[in-house]
Amino acid sequence: MLGSQKLVAFVATRDRNRAKEFYRDTLGLPLVSEDNFALVFDAAGTTLRVTPVQELAAAEYTILGWQVRDIVRTATDLQKAHVALEQYPGMQQDKLGIWSSPSGAKVAWFKDPDGNTLSITQF
């Protein structure tokens with residue numbers, strides 16, 4: 001029923017200006033539109049709606065992730081943009097925060113200004 005339809009992703013924010021700066025200026029997502037209901041970004045063909053909310057409980061799991069070709073380069077670029085990569089106790093991550101999964105995928109996590117967990121993955 002929905003397998004052939006385009007996905008729209010949603011993330012919440014308490015501060016639309018800070019979210020706009022992060023997603024547009026720091027992560028480089030083109031801002032398509034904005035109104036009272038959402039900031040709308042183009043994430044490589046997927047619509048990302050960043051919706052202002054009054055209360056937000058950041059999830060303790062990854063809510064958005066990007067598949068990248070070169071995770072070391074992307075992680076380094078994020079750090080240069082003052083985005084801290086998360087280090088999790090008990091996980092064997094390298095100095096950048098990259099974890100090698102049992103499947104061979106490499107993953108690193110970071111937070112948006114609202115504390116939402118985002119990730120980058122190289123398969």
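The legends below accompany close-up views of a predicted model.

**View 1. The largest nonpolar core and its best-connected members.** This core holds 24 residues, and those that touch the most other members are Tyr23, Phe41, Leu48, Val50, Leu64, Phe110 and Ile120. Two or more residues come from each of the helices and strands β1 (8–13), α1 (16–26), β3 (39–43), β4 (46–52), α2 (71–80), β7 (106–111) and β8 (117–122). As a general backdrop, nonpolar side chains in soluble globular proteins tend to be buried together.

**View 2. Tyr23 and its surroundings.** Here we zoom in on Tyr23, one of the core residues that touch the most other members. Once neighbours within four places in sequence are set aside, Tyr23 is in contact with Val11, Gly28, Leu29, Phe41, Leu48, Val50, Leu64, Asp112 and Leu118. Phe41, Leu48, Val50 and Leu64, among these partners, also belong to the group with the most core contacts.

**View 3. The largest pocket.** Have a look inside: the volume of this pocket is about 350 Å³. Its lining is made by 15 residues, and Leu27, Gly28, Leu29, Trp66 and Val68 lie nearest the centre. Both β3 and α2 give two or more residues to the lining, with α2 supplying the largest share, 3 residues. By character, the lining divides into 10 nonpolar, 3 polar and 2 charged residues.

**View 4. The β2–β3 hairpin.** Strand β2 (residues 31–34) runs antiparallel to β3, and 3 bridges join the two. Together they form a hairpin, with 4 residues between the strands. To find your bearings in the pairing, start from Glu34, which stands opposite Leu39 in β3.

**View 5. Asp77 on helix α2.** Asp77 is found in α2, the helix that gives the largest share of the pocket lining. Asp77 counts as partly exposed because its relative accessibility is 38%, a value that lies between the 20% and 50% cut-offs. For a sense of scale, Asp77 and Leu64 are 13 residues apart in sequence, while their C-alpha atoms are 18 Å apart in space.

**View 6. Thr121 in strand β8.** Our last stop is Thr121, whose place is in β8. With a relative accessibility of 12%, Thr121 counts as buried, because the cut-off for that class is under 20%. Apart from neighbours within four places in sequence, Thr121 is in contact with Trp66, Gln67, Val68, Ile71, Ala105, Lys106 and Val107. Two of these partners, Trp66 and Val68, are also among the residues that lie nearest the centre of the largest pocket.

Conventions:
Residues are numbered from 1 along each chain as its sequence is written. This is a predicted model: local features need pLDDT of at least 70, side-chain atom pairs count only at pLDDT 80 or more; totals for chains, interfaces and linings use all residues. Side-chain values use heavy atoms; hydrogens and water are left out. A nonpolar core is a set of buried Ala, Val, Leu, Ile, Met, Phe, Trp, Tyr and Cys residues joined through side-chain atoms within 4.5 Å. Buried means under 20% relative accessible area, exposed over 50%, partly exposed in between (1.4 Å probe, protein chains only). Contact means heavy atoms within 4.5 Å. On a 1 Å grid over the protein atoms alone, a cavity is a set of points where a 1.4 Å probe fits but cannot get out, and a pocket is an open set with protein on both sides within 12 Å along at least five of seven lines; lining residues have an atom within 4 Å of a point. Grid points are joined across faces, edges and corners, and a volume is the space filled by probe spheres set on the points. Ala, Val, Leu, Ile, Met, Phe, Trp, Tyr, Cys and Pro count as nonpolar, Asp, Glu, Lys and Arg as charged, and the others, Gly among them, as polar. Two strands pair if DSSP finds at least two bridges between them.
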